[in-house]
Amino acid sequence: MFAMNHTPTFTRTVEIKVPVDGGHDLQTLQVTYRIFKDEEMFDFDMNTAEGQKDYLRKVIDSMGDIVDEAGQQVPYNDSLREHILALPYTRVPLMQTYNTAMLPALLGN
């Protein structure tokens, strides 16, 4: 039996390699993604930073497990999302995690 859901979402842990002196610091955040119909997903220029940001604005529902410099939890809001999307090293892992989750569904499981 197939359960119909008009606003489907799913949550994944996204690994982000944050550049630091001498290499990278592997950090994670929880992202809840929205699932959209095919026709809603192909209007983005993925070859530009703005196109990638527009795509991620569409598919990201919320983010969690984010702390500030003092280690205090930071609540999710549009400003936080924009700050994270402005960091070049975050966009590819955010897109890859979404696409990896969707690929089995697109291939017919």
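1. Asp54 is partly exposed, with a relative accessible area of 36%, and this residue is a convenient place to begin reading the structure, which is a predicted model. The side chain of Asp54 meets that of Arg57 in a salt bridge, with 2.5 Å from N to O. Both residues belong to helix 1, where they stand three residues apart, or about one turn of the helix. Arg57 is likewise partly exposed, its relative accessible area being 23%.

2. A second pair in this helix involves Glu50 and Lys53, which form a salt bridge whose closest N and O atoms are 3.3 Å apart. Because Glu50 and Lys53 are three residues apart in helix 1 (residues 49-59), about one helical turn separates them. The two partners are not alike in their surroundings, for Glu50 is partly exposed at a relative accessible area of 44%, whereas Lys53 is buried at 15%.

3. Outside helix 1, the side chains of Arg81 and Glu82 also meet in a salt bridge, at 3.0 Å from N to O. Arg81 is buried, with a relative accessible area of 12%, while Glu82 is partly exposed, with a value of 26%.

4. How many salt bridges does a search of the whole structure find? The search finds seven, and the pairs described above should be read together, since side chains of opposite charge can pair when their charged atoms come close. A network of salt bridges links Glu50, Lys53, Asp54 and Arg57 with Asp78, Arg81 and Glu82.

5. The nonpolar part of the model deserves its own point. The largest nonpolar core holds 20 residues, and those that touch the most other members are Val31, Tyr33, Leu56, Ile60, Met63 and Leu94. Two or more residues of this core come from each of strand 1 (9-20), strand 2 (23-34), helix 1, strand 3 (60-64), helix 2 (78-85) and helix 3 (88-106). As a general matter, nonpolar side chains in soluble globular proteins tend to be buried together.

6. Which residues is Ile60 in contact with, once its neighbours within four places in sequence are left aside? The contacts of Ile60 are Val31, Thr32, Tyr33, Arg34, Tyr76, Leu85 and Leu94. Val31, Tyr33 and Leu94, which appear among these contacts, are also named with Ile60 among the core residues that touch the most other members.

7. A reader new to the structure may therefore wish to view helix 1 from two sides, as this helix carries the pair Glu50 and Lys53 and also gives two or more residues to the largest nonpolar core.

Definitions and conventions: Residues are numbered from 1 along each chain as its sequence is written. This is a predicted model: local features need pLDDT of at least 70, side-chain atom pairs count only at pLDDT 80 or more; totals for chains, interfaces and linings use all residues. Side-chain values use heavy atoms; hydrogens and water are left out. A salt bridge is a side-chain nitrogen of Lys or Arg within 4 Å of a carboxyl oxygen of Asp or Glu. Helices (H or I, at least four residues) and strands (E, at least two) are DSSP runs, numbered from the N terminus. Buried means under 20% relative accessible area, exposed over 50%, partly exposed in between (1.4 Å probe, protein chains only). A nonpolar core is a set of buried Ala, Val, Leu, Ile, Met, Phe, Trp, Tyr and Cys residues joined through side-chain atoms within 4.5 Å. Contact means heavy atoms within 4.5 Å.
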